[in-house]
Amino acid sequence: MSALILASTSASRSRMLQAAGIAFTASSPACDEESLKSELRLQGAAPCEIARALAHAKALSLSRQGTAEIVLGADQTLAIGSQTLDKPGSLSEARQQLQRLRAGTHSLPTAAALARGGQVG
């Protein structure tokens, strides 16, 4: 058993840990990311705050399941100014997003959180 659980099924996150030589197991986080993201947007949270809250939620969702391992949660949010963009749901939406991104500056706030025993540390 690994000493680290990656709270993600993202192939790119797994590749980064593998490239760093870190032993881990990957597991899908048990949290409703879309609801949390919607709630944070309604509260006026900045893109970096959304990424941080999602990383914490992912790590805590698995850490609270009684595992003794350290759980790594991570997230990133694509933003144009204070507006966050979601993954496009269609080819047409993807094209529109790429055109918006091409027209100006964007950011990709990224956050990571480590949790153990139901607490982020």
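Start by selecting aspartate 86: with 31% relative accessibility, this residue counts as partly exposed. The model you are looking at is a predicted one. Keep aspartate 86 on screen, since the next few stops return to its side chain.

**Stop 1: from aspartate 86 to lysine 37**

Add lysine 37 to your selection. Its side chain and that of aspartate 86 meet in a salt bridge, with N and O 3.2 Å apart. Where do the two partners sit? Aspartate 86 is in the loop between strand E5 (83-85) and helix H4 (91-102), while lysine 37 belongs to helix H2, so this pair ties together parts that are 49 residues apart in sequence. Now show the surface around lysine 37. Is lysine 37 buried or exposed? Its relative accessibility is 15%, and the cut-off for buried is under 20%, so lysine 37 counts as buried.

**Stop 2: from aspartate 86 to arginine 41**

Go back to aspartate 86 and select arginine 41 as well. These two also form a salt bridge, and their closest N and O atoms are 2.7 Å apart. Here again distant parts of the chain are linked: aspartate 86 in the loop between E5 and H4, and arginine 41 in helix H2, 45 residues apart. Arginine 41, at 30% relative accessibility, counts as partly exposed.

**Stop 3: along helix H2 to glutamate 34**

Next, colour helix H2, which covers residues 33-42, and pick out glutamate 34 and lysine 37 within it. Their side chains meet in a salt bridge too, at 3.5 Å from N to O. How far apart are they along the helix? They are three residues apart in H2, which means about one helical turn separates them. Glutamate 34 has 47% relative accessibility and so counts as partly exposed.

Now show all four side chains together. Glu34, Lys37, Arg41 and Asp86 are joined into one network by salt bridges that share partners. As a general point, side chains of opposite charge can pair when their charged atoms come close.

**Stop 4: serine 90 and glutamate 93**

Return to the loop between E5 and H4 and select serine 90, which has its place there. Serine 90 counts as partly exposed, at 32% relative accessibility. Which atom should you look for beside it? A polar atom of the serine 90 side chain lies 3.1 Å from the backbone nitrogen of glutamate 93.

**Stop 5: zoom out**

Finally, clear the selection and view the protein as a cartoon. You can trace four helices and seven strands, arranged along the sequence as β-α-β-α-α-β-β-β-α-β-β. The C-alpha trace spans about 45 × 35 × 20 Å along its principal axes. Of the contacts with a separation of 6 or more, 61% are between residues 24 or more positions apart.

Switch to a surface view next. The protein exposes about 7,300 Å², and 53% of that comes from carbon and sulfur atoms. Buried residues make up 39% of its 121 residues.

For a last look, colour by charge. There are 12 positive and 9 negative side chains, and the centres of the two sets are 7 Å apart. In total, the structure holds five salt bridges, including the ones visited at aspartate 86 with lysine 37 and with arginine 41.

Key
Residues are numbered from 1 along each chain as its sequence is written. This is a predicted model: local features need pLDDT of at least 70, side-chain atom pairs count only at pLDDT 80 or more; totals for chains, interfaces and linings use all residues. Side-chain values use heavy atoms; hydrogens and water are left out. Helices (H or I, at least four residues) and strands (E, at least two) are DSSP runs, numbered from the N terminus. Buried means under 20% relative accessible area, exposed over 50%, partly exposed in between (1.4 Å probe, protein chains only). Contact means heavy atoms within 4.5 Å. Accessible areas come from the Shrake-Rupley method with a 1.4 Å probe; for residues, only the protein chains shown count as cover. Lys and Arg count as positive and Asp and Glu as negative; His and the chain ends are not counted. The place of a charge is taken as NZ of Lys, CZ of Arg, CG of Asp or CD of Glu. A salt bridge is a side-chain nitrogen of Lys or Arg within 4 Å of a carboxyl oxygen of Asp or Glu. A polar contact is a pair of N or O atoms within 3.5 Å; within protein, one must be able to donate a hydrogen and the other to accept it, and residues adjacent in sequence count only if both atoms are side-chain atoms.
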